[in-house]
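Me: I'd like a close look at a single part of this model. Could you walk me through one helix and its surroundings?

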Amino acid sequence: MTPTIQIIFASQSGRNQALAMHLQSDLAAHAQTVVTEVSQADAYELAQNDAVIVVSYTYHDGDLPDEMQDFFEDLKDVDLNRTKFAVCGSSSKTHVHFGRAVDYLTIQLNSSNGEQVADSVKIDRDPDQADLARIDQLAQQVLNRLESGN
């Protein structure tokens, strides 16, 4: 059976949407993927997927983006039933708290009984080739865990 992976993104400048589309390109040959802008995502339906990848930027000096707030709050009431997940996103190293939105999301998805299957990836502004290689590795780790059934 083909696994399902939902990729949820928040993007202000377009860079995180591009990361979500890059992930979809990586995963599409091996899984049914759905890319969803966070305002259209339903946290209560996440457990229907085999895996979820959340892509978010960090706003200001360490805040979740405004458009991520409702989704994040809903996650507090969700049991992900060991749904596999990974988190990545962009920030700026000029911020006091580089990539803290990625940290907040990772902590909350773990608290919601999700199963983290890859280390979170933080990217400084626009991704370079090394950053894209880390995103590719994240995608591969998600696939490996889905294929192993663990």
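Me: To start at its far end, what sign of phi does Gly-149 take just after α4?

Reply: Just after α4, Gly-149 takes a positive phi of about 80 degrees. Before going on, some ground rules: this is a predicted model, where local features need pLDDT of at least 70, side-chain atom pairs count only at pLDDT 80 or more, and totals for chains, interfaces and linings use all residues. Residues are numbered from 1 along each chain as its sequence is written, and side-chain values use heavy atoms, with hydrogens and water left out.

Helix α4 covers residues 129-148; helices here are DSSP runs of H or I with at least four residues, strands are E runs of at least two, and both are numbered from the N terminus. Its 20 residues reach 28 Å from first C-alpha to last, close to the expected 28 Å (that expectation is 1.5 Å times one less than the number of residues). At the N-terminal end, Asp-128 acts as the cap, with a side-chain oxygen 3.1 Å from the backbone nitrogen of Ala-130.

Now for the sides. Asp-131, Leu-132, Ile-135, Leu-138, Ala-139, Val-142, Leu-143 and Leu-146 are buried (under 20% relative accessible area; exposed is over 50%, partly exposed in between, with a 1.4 Å probe and protein chains only). They sit on the same side of α4 because they cover an arc of only 130 degrees around the axis, taken from the directions from the helix axis to the C-beta atoms. The face turned away from that buried side carries exposed Gln-129 and Glu-147.

What does the buried side pack against? Its residues meet β1 (4-9), α1 (15-27), β3, β4 and β6 (121-124). Take Leu-138: leaving aside neighbours within four places in sequence, its contacts (heavy atoms within 4.5 Å) include Leu-23, Ile-53, Ala-86 and Val-121.

Leu-138 also belongs to the largest nonpolar core, which has 24 residues; such a core is a set of buried Ala, Val, Leu, Ile, Met, Phe, Trp, Tyr and Cys residues joined through side-chain atoms within 4.5 Å. Ile-5, Ile-7, Leu-23, Ile-53, Val-55, Leu-138 and Val-142 touch the most other members. The elements giving two or more residues to this core are β1, α1, β3, β4, β6 and α4, and α4 gives the most, with seven. Apart from this core lies another, of 22 residues, among them Val-38, Ala-43, Val-54 and Tyr-57.

Methods: Polar contact = N/O pair within 3.5 Å; in protein donor to acceptor, adjacent residues only side chain to side chain.
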